[in-house]
Amino acid sequence: REIVGINELRKLPDTWYAYTNLDLIVARGKSREIDVIIIADDRLLLVDLKDWSGQITSGDGRWFQNGADRGASPVIKISQTARDLSIQFEGHLRKHAKGQKVWRPTVQGVVVITAKADISEIAPTERQSVLMLDEFMKGVATPAQRVKFFGPVNRVFVDEPITSASWKQKISTFFNVRSGAFKPGERNYGGFAPCSAAS
């Protein structure tokens with residue numbers, strides 16, 4: 001169900017890259033699922049893809065699709081994940097700073113709806129973090145649009161984008177499933193879970 005969204009995200013700038021289907025380890029035996037982590041020029045975007053159609057509403061910290069309870073709000077979850085990742089990433093940068101000043105990129109979470117859905121009844125406090133797929137693609141297309149949708153970032157990331165070679169090394173060592181804070185995602189599909197990377 002997330003393939004539609006992933007394929008559309010491939011149209012983002014060639015200098016950008018992404019990590020998909022990762023779980024951020026936040027404590028012993030506790031992790032947070034992340035569909036897509038986009039490394040844009042000026043920020044990290046954590047994207048929760050929802051291929052939901054129909055009427056989507058929210059209330060009491062939960063989301064409902066066509067009246068059916070779909071669980072805890074994905075906005076709350078992706079926002080918390082962004083905070084947890086930001087803290088861990090800053091710790092990683094400080095560990096490898098070698099006495100230099102540490103600049104931590106902005107980490108933001110967003111829920112992206114890939115199907116035709118009505119999201120007008122989502123709580124106003126959450127609505128700003130929920131975008132339809134085409135709206136998201138337009139919102140990240142240019143620096144001006146990103147600032148309009150997601151706010152400004154520190155000037156240092158405009159002068160030296162985090163897609164640069166110097167940043168890529170720091171980022172790749174952080175998003176490391178062998179020795180870093182992540183592990184490959186463990187998704188269930190119809191009650192089944194993948195047991196290998198083979199198709």
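Throughout these legends, buried means under 20% relative accessible area, exposed means over 50%, and partly exposed covers the range in between, as computed with a 1.4 Å probe on protein chains only. The model is predicted, so local features are reported only at pLDDT of at least 70 and side-chain atom pairs only at pLDDT 80 or more, while totals for chains, interfaces and linings use all residues. Residues are numbered from 1 along each chain as its sequence is written, and side-chain values use heavy atoms, with hydrogens and water left out.

**View A. The largest nonpolar core.** A nonpolar core is here a set of buried Ala, Val, Leu, Ile, Met, Phe, Trp, Tyr and Cys residues joined through side-chain atoms within 4.5 Å. The largest such core has 36 residues, and those with the most contacts inside it are I37, I39, W63, L85, I171, F175 and F182. At least two residues of this core come from each of β1 (17-27), β2 (30-39), β3 (44-50), α2 (74-95), β7 (107-113), β9 (130-132) and α7 (165-174), where helices (H or I, at least four residues) and strands (E, at least two) are DSSP runs numbered from the N terminus. Helix α2 gives the most to this core, with 6 residues. In soluble globular proteins, nonpolar side chains tend to be buried together.

**View B. The surroundings of I39, and a separate core.** With neighbours within four places in sequence left aside, I39 is in contact (heavy atoms within 4.5 Å) with W16, Y17, Y19, L44, I162, T163, I171 and F175. Apart from the largest core lies another core, of 17 residues, which includes I38, A40, V110 and M137.

**View C. Two residues with positive phi.** Most residues other than glycine have a negative phi. N21, found in strand β1, nevertheless has a phi near 55°, and this residue is partly exposed, with a relative accessible area of 31%. K98, which is not a glycine either, has a positive phi of about 55°; this lysine is placed in the loop between α2 and β7 and is exposed, its relative accessible area being 80%.

**View D. The salt bridges of E90.** A salt bridge is taken as a side-chain nitrogen of Lys or Arg within 4 Å of a carboxyl oxygen of Asp or Glu, and the structure holds 9 of them. One joins E90 to R94, with the closest N and O atoms 2.9 Å apart; because the two residues are 4 residues apart in helix α2, about one helical turn separates them. E90 is partly exposed at a relative accessible area of 24%, whereas R94 is exposed at 52%. The side chain of E90 also meets that of R104 in a salt bridge (3.1 Å, N to O). Since R104 lies in the loop between α2 and β7 and E90 in helix α2, this pair ties together parts that are 14 residues apart in sequence. R104 is partly exposed, with a relative accessible area of 32%.

**View E. The D69 and R62 pair, and a network.** D69 and R62 form a salt bridge through their side chains, at 2.9 Å from N to O. Both partners are partly exposed, D69 with a relative accessible area of 43% and R62 with one of 34%. Elsewhere, D42, R43 and R146 are joined into one network by salt bridges that share partners.
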